[in-house]
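Subject: Structure handover

Hello,

Please find the structure below, with notes on what was found in it. Open the structure beside the text and look up each residue as you read.

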Amino acid sequence: MRPITPLAPEPPPDVLRALQTLKALLQGGRGPHALAQLCKRTAFGRPEVRGHLAAMEQAGLCTSQMRGHWELTMPMGARSSWLTHGLPREPIGAPAGDRDRLRQLHEATGHVVLLHSHLHLPTPVRLGVDSWRGHRDEMVTAQLDAHPSAAGRLLQAPLDEDAPGLVIQANLDPAVRPTSVRLQRIRDLGHALTEAPLPGWSLLSVPVYTSAASLGLPELSGPRIAGALSLMAPTPDTDTTSQWLPALQHTARALADIPVMADVHQARPHLRVAA
């Protein structure tokens, strides 16, 4: 006679409800999701969903880097922190030819190259699209391990935090004058220089433009801001900013046909897909 296998115990109702919130995050896909959206998907009230998210955040399953928005996370490494699910450690967003341009810029300057897009959420943010570290990879990885919060901030941050976001913010609408003297100066100069989230490093950034049509705005004319191209260098090296600016601007012009689109519904940057 075969032994009777005991049935698995029924999970508690509160666990099942918490898993429904996790399922709502998964169904939403990559990128940040508003609390209201998660409540609608689960049909739960705000206090309950907020409690589920707080527990998941404590467990490292999700993060809230923008007020009122949550997204899934993934491990970056045994000695480091978690990155948002929408922004994997090595995002491959740019087509192969444009990645070659990032590589060439790194080889010409010796510095880390970063490409950012942007999203028009309630709090507009810049998002990491691609990067090239080359021979600096080992140094940067070691320092990110020592400063794990910097990794997430390099990939995702409000527009007013540092150089790549500021050049995007200064050029969001070419028909409207920037809201501050600082942003107007950045627009006039065509670049921004600030400290980077990684201590001891600085960011030199220039805007990357594309056509309004490629952004899904055929009713508009002229170039529109698509993102920012940056060099990240140890702060003492930024004394030679003028030396590297022409190469940075040249590469940004070569990348100008990348149709990066801020789609609030899908909440992630969109790039031309290589054929």
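**Helices α1 and α2**

L16 lies in helix α1, which covers residues 13–28. This is a predicted model, so please read every value below as computed from it. L16 is partly exposed, with a relative accessible area of 38%. Together with V15 and L19, L16 makes a nonpolar surface patch of about 230 Å².

Helix α2 covers residues 35–42, and its buried residues are L35, L38, C39 and T42. These residues sit on the same side of α2, because they cover an arc of only 100° around the axis. The general background is that an α-helix has 3.6 residues a turn, so residues three or four places apart point the same way. After α2 comes A43, whose phi is positive, near 65°.

**Strand β5 and its partners**

How many of the residues of strand β5 are buried? The strand covers residues 112–119, and 8 of its 8 residues are buried. In a regular strand the side chains alternate between the two faces of the sheet. In β5, one side holds V112, L114, H116 and H118, and the other holds V113, L115, S117 and L119. All of these residues are buried, which leaves both faces of β5 covered.

Which strands pair with β5? One is strand β10 (residues 223–234), which pairs with β5 in the antiparallel sense over 5 bridges. Another is β6, which also runs antiparallel to β5 and is joined to it by 7 bridges.

V113 is a useful residue to look up here. V113 stands opposite L231 in β10, and V113 also stands opposite W132 in β6. A further residue to view with V113 is L102, found in helix α4 (residues 96–109). L102 is buried, with a relative accessible area of 0%. Along the chain, L102 and V113 are 11 residues apart, and their C-alpha atoms are separated by 6.4 Å.

**Salt bridges**

Side chains of opposite charge can pair when their charged atoms come close. The structure holds 7 salt bridges, and some of them are described here.

Helix α4 gives one example. R103 forms a salt bridge with D100, and the closest N and O atoms are 3.8 Å apart. R103 and D100 are separated by about one helical turn, because they are 3 residues apart in α4. Are these two residues buried or partly exposed? R103 is partly exposed, with a relative accessible area of 24%. D100 is partly exposed as well, at 34%. D100 and R103 are also linked with E107 in a network of salt bridges.

Another salt bridge joins the side chains of R133 and D137, at 3.3 Å from N to O. R133 counts as buried at 18% relative accessibility, because buried means under 20%. D137 is partly exposed, with a relative accessible area of 34%.

**R126 and its contacts**

R126 has its place in strand β6, which covers residues 125–132. R126 is buried, with a relative accessible area of 0%. What does the side chain of R126 meet in a salt bridge? The partner is the side chain of D162, at 2.8 Å from N to O. D162 lies in the loop between β7 (156–158) and α7 (163–170) and R126 lies in strand β6, so the pair ties together parts that are 36 residues apart in sequence. D162 is buried too, with a relative accessible area of 1%.

There are also polar contacts to look up at R126. One, of 3.4 Å, joins the side chains of R126 and H116. H116 is one of the buried residues of β5, and β5 is joined to β6 by 7 bridges. In another contact, a polar atom of the R126 side chain lies 2.6 Å from the backbone oxygen of R153.

**Where to start**

A simple order for viewing is to begin with β5, where 8 of 8 residues are buried. Next, go to β6 and find R126, then its salt bridge with D162. After that, turn to α4 for the network of D100, R103 and E107. Last, look at the nonpolar surface patch made by V15, L16 and L19.

Regards

Note on methods:
Residues numbered from 1 in each chain as written. Predicted model: local features only at pLDDT ≥ 70, side-chain atom pairs only at ≥ 80, totals over all residues. Heavy atoms only, no water. Patch = residues over 30% accessible without salt bridge, like charges linked within 9 Å, V, L, I, M, F, W, Y side chains within 5 Å. Areas by Shrake-Rupley, 256 points an atom, 1.4 Å probe, with all protein chains shown as cover. Salt bridge = Lys/Arg side-chain N within 4 Å of Asp/Glu carboxyl O. Helix = DSSP H or I, 4+ residues; strand = E, 2+ residues; numbered from the N terminus. Buried < 20%, exposed > 50% of the residue type's maximum accessible area, 1.4 Å probe, protein only. Arc of directions from axis to C-beta. Polar contact = N/O pair within 3.5 Å; in protein donor to acceptor, adjacent residues only side chain to side chain. Pairing = 2+ DSSP bridges.
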